[in-house]
Amino acid sequence: MNENIAVVILASAVFYGTPLLYAALGEVLTERSGVLNLGLEGMMLMGAVMGFWTVQYVGGPGWLVLCGAVLVAAAAGAATALIHAVLVISLRANQIVSGIALTIFAGVIGLSSYIGTRGGVGGAPLAHHFRPLNLFGLKDFPILGPILFDQHALVYLSWLLVLATTWYIYRTSLGLRLRSVGDAPETADAAGINVTKYRYLHTIAGGAFAGIGGSVFSLAIALNWLDGMTAGAGWIAIALVIFGFWRPIPVMVGAYFFGGLSGLAFVLQTRQVRLPPEMFASLPYLMTIVVLAVVSSGWARRRSTAPAALGTPYLRET
């Protein structure tokens, strides 16, 4: 029963959707503060290369090295996001231009590639990487076992973060302030909320989440470092935020949907289904266009909860 193709596809959807979920969840926090971050791809690549570098060159117990690698990946993503924050919050640069510039700066022809090449990252098997955990010994449980109980630790951490982010945004006073900063920064400022502080903190946090998402690629999926290994995942994550109406749980559903599309080719290949691999490789990107078209409809716009001040610099009046 657990070898049923539907079960295998659902399990692979969770597996391949996890890096998208991390990046999109971070973007939800960033955009809720009113900052648009189009640099997710670069931040994910920085997290991927720095996480892999840590495991490759730092010794110690496996669990400790992997924890350190995730923290280093988060720090790399956060540091890249800090550059974006300075440019768009303090210097009030165009947020679209800054995000694209950061993707180029940190991306496949930029800093992540330089670190990977100069640091000799990749090319050798990892001593430590994330493996399925067989949670509670239930991986063989019918249907749900492979989907829910046979995933690696970063999958389970992402579920906790989805719940924590939902609670934070909708059930805490800090989350209420965050939403007010993204919707009406002038009003929030008048109420004594430090708009600049909130935007900085949530932009940096969003970058940290993207960095962890990148480390999932190198430490759990590919188990190697390759230039451009995220292959546009950062752009899909940005679309997922719109798809999920800036809400963490719908974003998670969307991430697993796109994860299923990404893993479909591998699943069918193991079933001896011979179809052009290019067709499957293009599916996530084709569906991104379809999703953006759907959410641009009148019905979707009426349900949209996009922050009203998204992408708009805030200049405090003196």
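At what angle do the axes of helix α2 (residues 40-57) and helix α3 (residues 62-90) cross? In this predicted model, the answer is roughly 150 degrees, and the two axes come within 8 Å. Angles over 145 degrees count as roughly antiparallel, so α2 and α3 are roughly antiparallel to each other. Their crossing is right-handed.

Take a look at who does the touching here. On the α2 side, the contact is made by Met43, Met46, Gly47, Met50, Gly51, Thr54 and Val55. Facing them from α3 are Val65, Leu66, Gly68, Ala69, Val72, Ala73, Ala76, Gly77, Thr80, Ala81 and His84.

Between these two helices sits a loop, and Pro61 is found in that loop. With a relative accessible area of 43%, Pro61 is partly exposed. It's also a handy landmark for a link across the sequence: Pro61 and His128 are 67 residues apart along the chain, yet their C-alpha atoms are 8.9 Å apart in space.

Now follow α3 to another partner, α4. These two pack at an angle of about 150 degrees, with their axes 10 Å apart. That makes α3 roughly antiparallel to α4, and the crossing is again a right-handed one. From α3, the contact uses Thr80, Ile83, His84, Leu87 and Val88; from α4, it uses Gln95, Ser98, Gly99, Leu102, Phe105 and Ala106. Thr80 and His84 may ring a bell, as both also take part in the contact with α2.

Gln95 deserves a stop of its own. It belongs to helix α4, which covers residues 95-106. Is Gln95 buried or exposed? Its relative accessibility is 4%, and the cut-off for buried is under 20%, so Gln95 counts as buried. Setting aside neighbours within four places in sequence, Gln95 is in contact with His84 and Val88, both of which are on the α3 side of the α3-α4 contact. Gln95 also contacts Gly34, Val35 and Leu36, along with Gly311, Thr312 and Pro313.

For a second buried polar side chain, go back to Arg32, which is found in helix α1 (residues 5-32). Arg32 is buried yet has no salt bridge. What is the nearest side chain of opposite charge to Arg32? That would be Asp183, 5.3 Å away; a salt bridge would need a distance within 4 Å. Not counting residues up to four places away in sequence, Arg32 touches Ile169, Tyr170, Leu178, Arg179 and Gly182, as well as Phe245, Trp246, Arg247, Thr305 and Pro307.

One of those, Leu178, leads us to the next helix pair. Helix α8 (residues 173-183) packs against helix α10 (residues 195-221) at an angle of about 100 degrees, with the axes 10 Å apart. That makes α8 roughly perpendicular to α10. Here Leu174, Arg177, Leu178 and Val181 of α8 meet Val195, Tyr198, Arg199 and His202 of α10.

Finally, a couple of backbone oddities in the loops. Asn134 has a positive phi of about 50 degrees although it is not a glycine. You'll find Asn134 in the loop between α5 (111-118) and α6 (144-148), where its 30% relative accessibility makes it partly exposed. Ala231, not a glycine either, has a positive phi of about 50 degrees too. Ala231 lies in the loop between α10 and α11 (233-243) and is partly exposed, at 42% relative accessible area.

Note on methods. Residues are numbered from 1 along each chain as its sequence is written. This is a predicted model: local features need pLDDT of at least 70, side-chain atom pairs count only at pLDDT 80 or more; totals for chains, interfaces and linings use all residues. Side-chain values use heavy atoms; hydrogens and water are left out. Helices (H or I, at least four residues) and strands (E, at least two) are DSSP runs, numbered from the N terminus. Buried means under 20% relative accessible area, exposed over 50%, partly exposed in between (1.4 Å probe, protein chains only). Lys and Arg count as positive and Asp and Glu as negative; His and the chain ends are not counted. Contact means heavy atoms within 4.5 Å. Axes are lines fitted to C-alpha atoms, for helices over the stretch in contact, and angles run from 0 to 180 degrees between N-to-C directions. Angles under 35 degrees count as roughly parallel, over 145 as roughly antiparallel, 65 to 115 as roughly perpendicular and the rest as oblique. A crossing is left-handed if the near helix is turned anticlockwise from the far one by less than a right angle, and right-handed if clockwise.
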